[in-house]
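Please open the model in your viewer and keep the sequence panel visible. The tour below proceeds by selections, each followed by a description of what is found there.

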Amino acid sequence: MVEVKIKKQTKKMKEKVSCADKFCPVHGQISIRGRSFKGKVIRKFPKRVTIEFERTLYIKKYERYAKRKTKLHARLPECMFSEIQIGDYIEIKECRPISKIVHFIVIKKIRGGEK
Ligand SMILES: [Zn+2]
């Protein structure tokens, strides 16, 4: 009887260690809705990453398209911190504003960066 109890406790402990971030889409309590973007990680902070991607903008005067860059800040959940590095190609999804600049959450890593 005693052994069974100990096994159950260790299982619970492992689940807790995996993530304690309340802004985690998997373990936390935050709903994800709205737009999603894919981009390259250019900066990494504790709990936050910055991604960059290109978009095309039509210039009427020249009847041509120009390239513009967009930067977005996204929440990096604790359980994904070691997985995502600078240079990786990742997907982010919109959520409610977490802070003044963070309105997105990292969903998954699409591919690693080249070194
Ligand atoms: Zn998590």
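In which strand is K44 found? Select residues 32-45: this is strand β1, and K44 belongs to it. Helices (H or I, at least four residues) and strands (E, at least two) are DSSP runs, numbered from the N terminus. Before continuing, note that residues are numbered from 1 along each chain as its sequence is written. The model is predicted, with local features requiring pLDDT of at least 70 and side-chain atom pairs counting only at pLDDT 80 or more, while totals for chains, interfaces and linings use all residues.

**Stop one: K44**

Keep K44 selected. K44 counts as partly exposed because it has 16 C-beta neighbours inside 10 Å. By this scheme a residue is buried if 20 or more other C-beta atoms lie within 10 Å of its own, exposed if 12 or fewer, and partly exposed in between, with C-beta atoms placed from the backbone. Next, add V49 and I86, with which K44 is in contact when its neighbours within four places in sequence are left aside. Contact means that the C-beta atoms of two residues, placed from the backbone, lie within 7 Å. Then add L76: its C-alpha atom is separated by 8.8 Å from that of K44, although the two residues are 32 apart along the chain.

**Stop two: the whole fold**

Now display the entire protein as a cartoon. It has 1 helix and 5 strands, and the pattern along the sequence is α-β-β-β-β-β. The 5 strands form a closed barrel in the order β1-β2-β3-β5-β4, with mixed pairing. From one strand to the next, the twist averages 50° (axes are lines fitted to C-alpha atoms, for helices over the stretch in contact, and angles run from 0 to 180 degrees between N-to-C directions).

**Stop three: β4 and β5**

Select β4 and β5, which pair in the antiparallel sense over 6 bridges (two strands pair if DSSP finds at least two bridges between them). Here E91 stands opposite K108 in β5.

**Stop four: the core**

Which residues should be selected for the largest nonpolar core? Its 12 residues are V41, V49, I51, A74, L76, M80, I84, I90, I92, F104, I105 and V106. Such a core is a set of buried Ala, Val, Leu, Ile, Met, Phe, Trp, Tyr and Cys residues joined through C-beta atoms within 7 Å. At least two core residues come from each of β2 (48-59), β4 (89-95) and β5 (102-111), and β5 gives the most, with 3 residues.

Finally, centre the view on V106. Leaving aside neighbours within four places in sequence, its contacts include V49, A74, L76 and I92.
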